[in-house]
Amino acid sequence: MNTTTKVALVTGAGSGIGRALALELQASNFKVYVTVRRQNQLAEQQALGLSPLLLDVNDQNAVHLAISQIEQEQQQLDLLINNAGFGAMGPVLDCSEAELQQQFQTNVFSIVSLTRRCLPLLAKSGGTVANIGSVSADFVTPFAGVYCASKAALHALNTALRLELAPFGIHTVLVQPGAIASSFGNTAISHAEQLLSEQSPWWPLREGIRLRAAASQQKPTPAHQFAHKVVKKLQQNPPPRRIRAGYGSVVLPLLAALLPEFLLDAILRRKFVLPKNGSLKIKSE
Ligand SMILES: NC(=O)c1ccc[n+]([C@@H]2O[C@H](COP(=O)([O-])OP(=O)(O)OC[C@H]3O[C@@H](n4cnc5c(N)ncnc54)[C@H](OP(=O)(O)O)[C@@H]3O)[C@@H](O)[C@H]2O)c1
């Protein structure tokens, strides 16, 4: 990376990890473009010295316009951080088709579109694409299946992109956070609450559903600590292929890889208060 004119773009920087990464990059002398979804967040981001763009990552037209603005103002893009995302929590089969689509659209498909649109700028600088994955891609739990699947899909895409972008001199880094303090838990809880219904076969398991939705905020690493570690590593030349940071980011994937499935199941059933196998009945109409 060129150390004097480094330019970064961080999506979903109005809160949590994205905001902390943007501020850390700014402290490391990057010119930082950030994306937010609400008009009233623009002034706040400007006051922080960041360059905000109004963007819903699922709006192709808005993506085109936002990157065109960067192209008009900059010669290159040194770092793209695909961070925007959310966790659709609840039993897999309670999730509607529209909610499934929305989860994958935001956490997976939008990243492909945005990265494609940024390709010429990234190639000019031999830049880096950092995708914010999750321990949840490896450590799959009940009541977060749709979210875990979206992050697992992102991890797979990240691996392919790493190999396909390298010939253009572009690095691709998978950032795998553990539990990080952010608004993620609140959003996850409100999704789970919207899904919870007395009509659901999983209504008796609502305690576990609520526990899972809140799990990321139980012993979270402060976002600024996480961001400090990640930004330092992203500036290495070359950057590492994967950055694990935050509470549980090393241990949880290790447990998932090493423990036999029957043992993992037993641990997860206990943690998320699942009843004995065969103890629930589907009510007939
Ligand atoms: N916190 C954790 O423990 C944890 C762990 C592993 C991975 N992650 C991942 O880290 C990333 C950041 O999450 P966070 O923890 O910082 O949570 P957060 O505070 O809720 O931040 C998520 C950001 O993404 C934005 N966003 C969501 N949907 C969007 C869309 N369609 N278009 C544009 N922006 C959108 C949100 O904007 P609004 O404010 O407008 O909703 C928000 O700024 C996510 O990809 C998440 O999956 C988080």
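**Exercise 1. Classify Asn29 as buried or exposed, and describe its backbone and its place in this predicted model.**

Solution. The relative accessibility of Asn29 is 60%, and because the class "exposed" begins over 50%, Asn29 counts as exposed. Turning to the backbone, Asn29 has a positive phi of about 70°, although Asn29 is not a glycine. As for its place, Asn29 is found in the loop between α1 and β2 (31-36).

**Exercise 2. Carry out the corresponding analysis for Phe143, stating whether Phe143 is buried or exposed.**

Solution. Phe143 has a positive phi of about 70° and is not a glycine. The residue is found in the loop between β5 (128-132) and α5. With a relative accessibility of 7%, which is to be judged against the limit of under 20% for burial, Phe143 counts as buried.

**Exercise 3. Find how many aromatic pairs the whole structure holds, and assign a geometry to each.**

Solution. The search of the whole structure gives 2 aromatic pairs. In one of them, Phe104 and Phe109 lie 6.3 Å apart, centre to centre, with 40° between the planes, and the pair is tilted. Phe109 has 38% relative accessibility and therefore counts as partly exposed. For Tyr147 and Phe184, the ring centres are 5.2 Å apart and the planes stand at 55°, so this pair is tilted. Because Tyr147 belongs to helix α5 (residues 145-165) and Phe184 to helix α6 (residues 184-195), the pair ties together parts that are 37 residues apart in sequence. Tyr147, at 7% relative accessibility, counts as buried.

**Exercise 4. Describe the surroundings of the ligand, beginning with how many residues surround the ligand and which are the closest.**

Solution. The ligand is surrounded by 29 residues, of which the closest are Ile17, Arg37, Asn83, Tyr147 and Ser182. By class, the residues of this shell divide into 10 nonpolar, 15 polar and 4 charged. Next come the contacts: an oxygen atom of the ligand is 2.8 Å from an N or O atom in the side chain of Ser15, an oxygen atom of the ligand is 2.8 Å from a polar backbone atom of Asn83, and a ligand oxygen is 3.5 Å from a polar backbone atom of Phe184. On its own the ligand has 880 Å² of accessible area, and the protein covers 92% of that area. Finally, the elements giving two or more residues to the shell are α1 (16-27) and α5.

Note on methods
Residues are numbered from 1 along each chain as its sequence is written. This is a predicted model: local features need pLDDT of at least 70, side-chain atom pairs count only at pLDDT 80 or more; totals for chains, interfaces and linings use all residues. Side-chain values use heavy atoms; hydrogens and water are left out. Rings of Phe, Tyr and Trp (its six-membered ring) pair if their centres lie within 6.5 Å; planes under 30 degrees apart count as stacked, over 60 as edge-to-face and the rest as tilted. Buried means under 20% relative accessible area, exposed over 50%, partly exposed in between (1.4 Å probe, protein chains only). Helices (H or I, at least four residues) and strands (E, at least two) are DSSP runs, numbered from the N terminus. A residue is near a molecule or strand if one of its heavy atoms lies within 4 Å of it. A polar contact is a pair of N or O atoms within 3.5 Å; within protein, one must be able to donate a hydrogen and the other to accept it, and residues adjacent in sequence count only if both atoms are side-chain atoms. Accessible areas come from the Shrake-Rupley method with a 1.4 Å probe; for residues, only the protein chains shown count as cover. Ala, Val, Leu, Ile, Met, Phe, Trp, Tyr, Cys and Pro count as nonpolar, Asp, Glu, Lys and Arg as charged, and the others, Gly among them, as polar.
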